[in-house]
Amino acid sequence: MAEPTRRDLAMLPVAVAAAASGRAAAQSGLAVDNASLADVTQALADGRITASALTRAYLARIEVYDRAGPGLNSVREVNPNALFIAERLDGVKPSAQQPLAGVPILVKDNVATDDQQHTTAGSLALATARARNDATVVKLLRAAGAVILGKANLTEFANILAIDMPSGYSSLGGQVKNPYSPALLDDRGIPVVLPGGSSSGSAAAVAAGLCAAAIGTETSGSLLSPATQNGLVTVKPTVGLISRAGIIPIAHSQDTAGPLTRTVRDAAILLNVLAAHDPLDPATEPSQRPDDYTAGLDKDGLKGARIGVPSDPADPLNDPYFGKLPARSAAVMAQAITVLQDAGATVVRAGIPTAGWIGGPGTNMAVLNRNPLSRNKGNPGGASIVFLYELKHDLNLYLRDWAVGTDIKTMADVIAFNQANADKALRFGQDLFLAAEATRGDLSELEYRSARAMDLLSARERGLDAYMTRHQLDAVVFPGTAGASIAAKAGYPSIQVPGGFVAGFNGKETPDYPLGITFAGRAWSEARLLQLAYAYEQASDARRPPPGLPAL
């Protein structure tokens, strides 16, 4: 028998913890590797598992699959107090007052936590930064009884540092891998099947069963992209439904937080907790949420609905907005349309008018020649120049009002730190930060005000609102992230559910990985979109957990 290696000996505590947590989970009848949030809360309520045993089970999976094994690298920092908090919640069962009592939740590392964890946005410049207070979403999670398990990795500064930065990469956290294809890397060490971003770690961790659910953020696509790549459900809510206070920002016109979960019901449960008025965020609207987002979930929710599919009626899977779909993506979309129709929905095929001016080339993307976003070929629908103006203004306010434990107080400080540590901090450059720093930072420029007005006109009045009114629609459906920028610029909600699987990327063969179906709608229509998405989810049953990450 071979002598154990030093690594074998180092892994013994992990193996022991994994075995113990696995036994506890098995005895509870709860398969934590793929348990829904609803399953977890029910097991806690029934007393079949304790908060501390559940937390140990997830921590063990983080050690085995995130730190070792396939090295998913989705969790940047484990909360050192997680077990202590969980032990205090042993015996406290989920209730109407504390619906998440004992539930381990990861939060993206641009969401402030006032504890021993750091809040860094994945930046080496903010490696020592902590927060003066909890972000409002964290306060709400704690009040609901959640155990903040740790901070999830992300694309650095939520993918607004450099135009060529791959999703899931940050100078501080390294590269997140997609759990559906963790081993296939290119010659730079970047996953061929990307994890999606910028909420990469949040999504990969949920898909891999490293937490019960996670919180991500989006400005344009940063929830939808990792959800589609990791086979998850997400809600990108109406701007103002969930507070942004204490979240490292990109642009207040579009920023929001949202859940990443395994099921639509799980997302609705979290939305019940997170949707609240906050005096620290004047955009929040307390009157716009129902009492319970789970109340309308109905497997027959698609009956009688009218669903728009932006497409050329003569060629339904070819629309100028998102281009000709690859064969397997087209097959997923065709199957989704069939599911919608079989479930009783009327599918209306009609193009959203002149897609070229909804964030497409040659429009408001080029208001300023200095806008590097116009070069981003990997951004479906196009990001707005508004980002660059609001970024400097909003990030400087966060660094001034929220960040402690760091000498970095302005965007200029971040840029200077990165330049001084370019070998470690600037693998992909910082062209977006440089462009943002060149603005005045006070939102007074005519170009900014004009670009914002154009975004609203094209995405609302002449975009989703006009399209939905003309065709009397309940929702609009897109494959993956194809329609992300329309709803994002409008500040309107999108809900994504797993739709199927595709393979191959840029001519390279890959394992199968997920493709989601996105339901978008008007402002404050989350309850209706959840109803539609739930009915689709029940009829399609398209989600499959990633292979190779079994229960411990």
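Okay, let's start at Thr217 and who it touches. Setting aside its neighbours within four places in sequence, Thr217 is in contact with Lys108, Asn110, Val111, Ser198, Ser199, Ser222, Leu223, Ile247, Thr256 and Ala257. Before I go on, please keep in mind that this is a predicted model. Thr217 belongs to strand E7. Is Thr217 buried or exposed? It's buried, because its relative accessibility is 5%, and the cut-off for buried is under 20%. There's also a polar contact here: the side chains of Thr217 and Asn110 are joined at 3.1 Å.

One of those contacts, Ser198, deserves its own moment. Ser198 sits in the loop between strand E6 (174-175) and helix H7 (200-207). The peptide bond between Gly197 and Ser198 is cis, with omega at about 15°. That catches the eye, since most peptide bonds are trans.

Now let's zoom out to the sheet. How many strands form it, and in which order? Eleven strands make an open sheet, and the order runs E1-E4-E2-E7-E9-E8-E16-E17-E15-E10-E13, with mixed pairing. At the edges you'll find strand E1 (75-78) and strand E13 (346-349), each pairing on one side only. On average, neighbouring strands in this sheet are turned by 30° against each other, ignoring direction. If you look at the E1 edge, E1 pairs with E4 in the antiparallel sense, over three bridges. Val75 is the residue standing opposite Ala152 in E4.

So what packs onto these strands? Take helix H6, residues 136-143: Thr136, Val137, Val138 and Leu141 are buried there. Remember that an α-helix has 3.6 residues a turn, so residues three or four places apart point the same way. The buried residues of H6 pack against strand E2 (104-108), strand E4 (147-152), strand E7 (213-218) and strand E9 (256-261), and also against helix H9 (264-274). You'll recognise E7 as the strand that holds Thr217. After H6 comes Gly145, which has a positive phi, near 95°.

Then there's helix H17, residues 526-540. Which strands does H17 lie across? The list is strand E8 (233-236), strand E10 (306-309), strand E15 (475-479), strand E16 (494-502) and strand E17 (513-520), and H17 runs at about 20° to E16.

While we're at H17, look at the segment after it, where you'll find Asp541. Phi of Asp541 is positive, near 50°, and Asp541 isn't a glycine. Asn506 has a positive phi too, near 50°, and again the residue is something other than glycine. Asn506 is in the loop between E16 and E17. As a reminder, most residues other than glycine have a negative phi. Are these two buried or exposed? Asn506 counts as exposed because its relative accessible area is 69%, and Asp541 counts as exposed because its value is 52%.

Let's move on to the aromatics. The structure holds six aromatic pairs. One of them is Phe157 with Phe433, a tilted pair with 4.8 Å from centre to centre and 50° between the planes. Why pick this pair? Phe157 is in the loop between E4 and strand E5 (169-170), while Phe433 is in helix H14 (residues 431-437), so the pair ties together parts that are 276 residues apart in sequence. Both rings belong to buried residues: Phe157 has a relative accessible area of 4%, and Phe433 comes in at 0%.

That brings me to the whole chain. There are 17 helices and 17 strands. Of the 552 residues, 62% count as buried. Among contacts with a separation of 6 or more, 74% are between residues 24 or more positions apart.

Last topic: confidence. The average pLDDT of the chain is 90, and 88% of the residues score at least 70. Where does the pLDDT fall below 50? One such stretch is residues 354-371, which has 46 contacts in the model beyond near neighbours in sequence. Another is residues 374-381, with twelve contacts counted in that way. Where pLDDT is low, the predicted coordinates should not be read in detail.

Technical notes
Residues are numbered from 1 along each chain as its sequence is written. This is a predicted model: local features need pLDDT of at least 70, side-chain atom pairs count only at pLDDT 80 or more; totals for chains, interfaces and linings use all residues. Side-chain values use heavy atoms; hydrogens and water are left out. Buried means under 20% relative accessible area, exposed over 50%, partly exposed in between (1.4 Å probe, protein chains only). Helices (H or I, at least four residues) and strands (E, at least two) are DSSP runs, numbered from the N terminus. Contact means heavy atoms within 4.5 Å. Two strands pair if DSSP finds at least two bridges between them. Axes are lines fitted to C-alpha atoms, for helices over the stretch in contact, and angles run from 0 to 180 degrees between N-to-C directions. A polar contact is a pair of N or O atoms within 3.5 Å; within protein, one must be able to donate a hydrogen and the other to accept it, and residues adjacent in sequence count only if both atoms are side-chain atoms. Rings of Phe, Tyr and Trp (its six-membered ring) pair if their centres lie within 6.5 Å; planes under 30 degrees apart count as stacked, over 60 as edge-to-face and the rest as tilted. pLDDT is the predictor's confidence in each residue, from 0 to 100.
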